[in-house]
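This report describes selected features of one structure for a reader at the bench. Please consult the sequence and the coordinates shown below while reading.

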Protein chains: 2
Amino acid sequence: MTGRTTVSRERAERATLVDVALAAQVSRQTVSNVLNNPGKVSPATAAKVRFEIDRLNFRPNLAARSLRQRKANALGIELNATGRHRLGNIQDSFLVELTVAAREQDAHIITFAVEDYLEPISEYERLLATQMVSGFVLTNTRHDDPRPAWLRAHEVPFVSFGQVWDDPAFTAWADVDGGSGIAQGVRHLVAQGYAPIGYLGWPPGSPVGDDRRSGWVSATTDLGIHDPALQEVPPQDLPAAAAAVRSLLERVGNGGAIVCASDTLAFIAFQVMRDQGQRPGTDIGLIGFDDTDFAQEFGLTSVQQPLAEIAQTLLTYLTGAESGAVAPSRGVLFDPAVIPRRSTDHRSTDRARPAHKPVTTDPAGSRTQDGDSS
Amino acid sequence: MTGRTTVSRERAERATLVDVALAAQVSRQTVSNVLNNPGKVSPATAAKVRFEIDRLNFRPNLAARSLRQRKANALGIELNATGRHRLGNIQDSFLVELTVAAREQDAHIITFAVEDYLEPISEYERLLATQMVSGFVLTNTRHDDPRPAWLRAHEVPFVSFGQVWDDPAFTAWADVDGGSGIAQGVRHLVAQGYAPIGYLGWPPGSPVGDDRRSGWVSATTDLGIHDPALQEVPPQDLPAAAAAVRSLLERVGNGGAIVCASDTLAFIAFQVMRDQGQRPGTDIGLIGFDDTDFAQEFGLTSVQQPLAEIAQTLLTYLTGAESGAVAPSRGVLFDPAVIPRRSTDHRSTDRARPAHKPVTTDPAGSRTQDGDSS
DNA sequence: GCGTTCGATTTGAACGTTCAACCTGAGTGG
DNA sequence: CCACTCAGGTTGAACGTTCAAATCGAACGC
């Protein structure tokens with residue numbers, strides 16, 4: 001605006017490779033190599049260059065890099081815009097972990113949303129054609145999923161949170177070992193003294209649901225307490241679901257417990273129990289799956305998925321694909337962990353309260369660590 | 001693969017501007033103009049060019065555009081990675097709507113996550129310096145928010161979901177009229193025949209909380225049924241919160257109703273009521289705020305924010321900034337809507353169920369079935 | 001008839017980076 | 001001594017687009 005020194009270019013803009021090169025008295029390419037091929041440059045020059053990079057606060061322009069390399073440095077992830085959100089959507093937490101992991105690997109996450117079932121393909125085309133993304137992260141995979149096939153056919157890099165069922169050759173996926181999670185839940189309940197152990201799940205046919213049920217079957221069988229009658233698959237309709245759950249609760253009886261395929265199911269049970277004056281934990285044990293906000297808020301023991309680890313692993317497959325580190329020979333199953341809360345605690349503080357005011361939660365509720373027992 | 005016509009370049013790669021120009025027998029720039037300055041090109045040529053664009057399935061390379069224009073075509077949005085997620089995070093739904101709106105305006109949404117309170121600034125710097133984003137969408141604004149000031153100082157375009165309190169000059173924000181939403185809730189309850197109407201809110205001092213409370217005050221006052229005693233601010237500690245809610249429920253009494261500043265608060269009330277054998281809707285009306293998955297799942301009437309509209313409006317400010325359409329002279333408040341469900345329905349199906357527990361009008365008297373005197 | 005304006009289109013250059021090829025000098029082996 | 005390699009470094013060119021300026025006719029005003 002006012003006084004200006006006409007000597008040097010007086011723009012307040014960002015430093016470029018050339019600026020750094022000039023300052024460090026080396027060539028563009030050497031600066032570039034310091035960043036991308038550190039082995040190719042002598043320690044002395046590297047230090048000099050790095051000094052100037054810091055001093056000038058240089059950051060490579062990713063648009064330029066992307067243009068030259070013909071390759072974006074972002075990954076697309078689909079948010080399901082299909083109307084109603086699922087209860088305590090696990091996907092939201094995964095997105096956060098993915099974003100965190102992406103920063104560590106110098107990648108970025110770009111969201112896109114589709115309404116229709118087949119639409120993701122056209123969205124893939126758009127994002128790839130405009131060179132906004134170089135690959136994708138899939139979630140909610142299912143049988144007969146058209147996405148992996150398309151991506152493979154077009155040689156688009158991708159990874160999947162959830163097994164890719166239809167293509168055994170594709171191994172860049174990671175998933176949670178749901179069966180193991182449920183089995184851990186069963187063992188936890190038994191260790192706490194609950195018996196028998198019932199199961200509340202989804203209709204057979206879905207891979208995830210079948211997997212989780214198998215955990216209940218195998219764990220109870222191993223412990224010699226399996227009873228096929230102690231399971232229930234509540235229908236979609238909420239009142240009908242409540243009735244089904246009520247029936248299961250009766251069959252299990254006081255002192256027993258129920259493991260559920262999801263926190264949502266567990267919460268239906270939670271509600272039904274309270275309606276009947278039964279106290280979760282004290283009277284009947286209850287375990288959910290996913291460790292949603294719900295569970296944290298209301299003291300529901302739940303099976304927690306290691307989302308951060310999964311996100312990190314998946315991204316390594318994608319970003320490491322060039323650096324030689326490739327996907328493993330088979331998909332990876334991560335072992336979830338049971339997070340114990342009041343709903344599986346016989347000595348729940350509910351009992352300590354004056355009986356005329358059965359209380360929803362315990363004093364340690366807002367704190368994550370239980371600490372006082374053990 | 002095998003036979004090749006050496007005449008033309010036989011790469012199977014994407015068509016570029018030049019490819020289209022060659023095919024349509026015009027210059028690069030004309031093709032570019034067809035896309036970006038449709039007014040500058042004659043209808044005849046435009047048609048010819050568009051035909052070739054379709055035929056060759058041309059999509060502009062956004063990396064190249066971004067490089068030349070010195071401006072990214074994506075917006076950053078912060079996901080709060082700070083440990084525990086809030087219950088039924090409204091932000092997740094907003095992100096979906098934002099993503100949808102972005103596609104319509106040829107923008108993209110890039111997520112980033114920060115752990116620390118002040119860290120967003122450094123993340124802003126990184127994303128801007130690398131030219132990944134051209135601006136930001138803020139959420140969860142608060143008093144003494146350092147972000148708007150920094151962004152303004154650095155002339156970075158941004159919009160905000162939530163009023164920007166500290167800077168009256170900044171008007172590119174949109175928010176929900178919480179007071180109006182609560183007032184609508186009050187009127188809905190009264191229309192359904194509930195009285196009196198209590199309020200369950202947050203401690204005074206937060207702008208959002210004060211706004212919502214004021215809706216209750218004004219609506220009840222207008223209807224001549226205001227009673228300052230019928231409000232409660234439950235403490236963080238959950239058991240204490242439950243006690244406070246219980247007290248409020250007693251003061252309101254059967255036939256009355258409670259509007260809550262959030263679904264989370266409503267759900268605490270929901271739990272307490274069921275613990276006491278009261279049926280939401282049938283005995284006491286209950287309204288939440290945010291229309292989370294919770295509310296949908298459990299039949300809680302709730303105040304729904306018009307997130308899609310807000311997202312679209314905000315993006316218009318950002319993308320339209322160049323096309324002349326600027327932000328309004330003041331921030332915009334959107335009117336939310338009450339979504340009626342069972343919790344405000346006197347004739348709720350709950351009534352049809354056998355009342356397993358007697359309604360406890362006398363809290364000290366009846367007890368639940370545990371009956372043990374520890 | 002001639003300078004002027006204007007619409008429509010073209011051309012050269014540039015955005016900032018990395019690829020591919022090239023250069024240089026010192027060390028190596030015979 | 002010569003051919004060769006090799007580490008370290010440089011240079012021209014290119015990625016695909018848009019900006020800024022130039023070109024070209026045709027229409028216009030006087």
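The sections that follow take up the DNA contacts, the aromatic pairs and the strands. The model is a predicted one.

**DNA strand C**

Around DNA strand C there are 25 residues, of which A:L17, A:S32, B:R28, B:T30 and B:T45 come nearest. By class, this surface comprises seven nonpolar, eleven polar and seven charged residues. Four helices each supply at least two residues of the surface near DNA strand C: α2 (28-36) and α4 (62-69) of chain A, and α2 (28-36) and α4 (62-69) of chain B. Among the atoms of DNA strand C within 4 Å of the protein, 58% belong to sugar or phosphate, and the rest belong to bases.

**DNA strand D**

DNA strand D likewise has 25 residues around it, and the nearest are A:R28, A:T30, B:L17, B:Q29 and B:S32. The residues of this surface divide into seven nonpolar, eleven polar and seven charged. For DNA strand D, α2 and α4 of chain A and α2 and α4 of chain B each contribute at least two residues to the nearby surface. Of the atoms of DNA strand D within 4 Å of the protein, 59% are sugar or phosphate atoms, with the rest in bases.

**Polar contacts with the DNA**

The table sets out contacts of protein atoms with both DNA strands.

| Protein residue | Protein atom | DNA atom | Distance |
|---|---|---|---|
| A:A64 | polar backbone atom | base nitrogen, DNA strand C | 3.5 Å |
| B:S27 | polar backbone atom | phosphate oxygen, DNA strand C | 2.8 Å |
| B:T45 | side-chain N or O atom | phosphate oxygen, DNA strand C | 2.5 Å |
| A:S42 | backbone N or O atom | phosphate oxygen, DNA strand D | 3.0 Å |
| B:R28 | side-chain N or O atom | base oxygen, DNA strand D | 3.0 Å |
| B:A64 | polar backbone atom | base nitrogen, DNA strand D | 3.5 Å |

B:T45, whose side chain makes the contact with a phosphate oxygen of DNA strand C, is also among the residues that come nearest to that strand.

**Aromatic pairs**

A pair of aromatic rings is described by the distance of the centres and the angle of the planes. Over all chains, the count comes to 18 aromatic pairs. In one of them, the ring centres of A:F94 and A:F161 are 4.4 Å apart and the planes stand at 35 degrees, so the pair is tilted. This pair links distant parts of the chain, with A:F94 in helix α5 (residues 90-104) of chain A and A:F161 in strand β4 (residues 158-161) of chain A, 67 residues apart. A:F94 and A:F161 are both buried.

How are the rings of A:F267 and A:F298 arranged? Their centres lie 5.8 Å apart and their planes are at 70 degrees, so the pair is edge-to-face. Because A:F267 lies in helix α11 (residues 263-275) of chain A and A:F298 in helix α12 (residues 293-298) of chain A, the pair ties together parts that are 31 residues apart in sequence. A:F267 is buried, at a relative accessible area of 1%, and A:F298 also counts as buried, at 3% relative accessibility.

Ring pairs further link A:F112, A:Y124, A:F136 and A:W150 into a cluster.

Arginine residues also sit over rings in both chains. In chain A, A:R212 lies over the face of A:F289, at 3.7 Å from the ring centre. In chain B, the charged end of B:R212 sits over the ring of B:F289, 3.7 Å from its centre.

**Strands of chain A**

A:F136, a member of the aromatic cluster, belongs to strand β3 (residues 135-139) of chain A, where five of five residues are buried. In a regular strand the side chains alternate between the two faces of the sheet. Both faces of β3(A) are covered: A:G135, A:V137 and A:T139 are buried on one side, and A:F136 and A:L138 on the other.

β3(A) pairs with strand β1 (residues 74-80) of chain A in the parallel sense over three bridges, with A:I77 opposite A:V137. β3(A) is also joined to β4(A) by four bridges, and these strands run parallel. Here A:F136 stands opposite A:F158.

**Strands of chain B**

Strand β1 (residues 74-80) of chain B is mostly covered, with six of its seven residues buried. Seven bridges join β1(B) to strand β2 (residues 108-114) of chain B in a parallel arrangement, in which B:L75 stands opposite B:I109. β1(B) also pairs in the parallel sense with strand β3 (residues 135-139) of chain B over three bridges, and there B:V137 is the bridge partner of B:I77.

Terms used: Residues numbered from 1 in each chain as written. Chains lettered and ligands numbered in written order. Predicted model: local features only at pLDDT ≥ 70, side-chain atom pairs only at ≥ 80, totals over all residues. Heavy atoms only, no water. Near = heavy atom within 4 Å. Polar contact = N/O pair within 3.5 Å; in protein donor to acceptor, adjacent residues only side chain to side chain. Nonpolar A, V, L, I, M, F, W, Y, C, P; charged D, E, K, R; others polar. Phe/Tyr/Trp six-rings, centres within 6.5 Å; stacked < 30°, edge-to-face > 60°. Buried < 20%, exposed > 50% of the residue type's maximum accessible area, 1.4 Å probe, protein only. Lys NZ or Arg CZ within 6 Å of the ring centre and 35° of its normal. Pairing = 2+ DSSP bridges.
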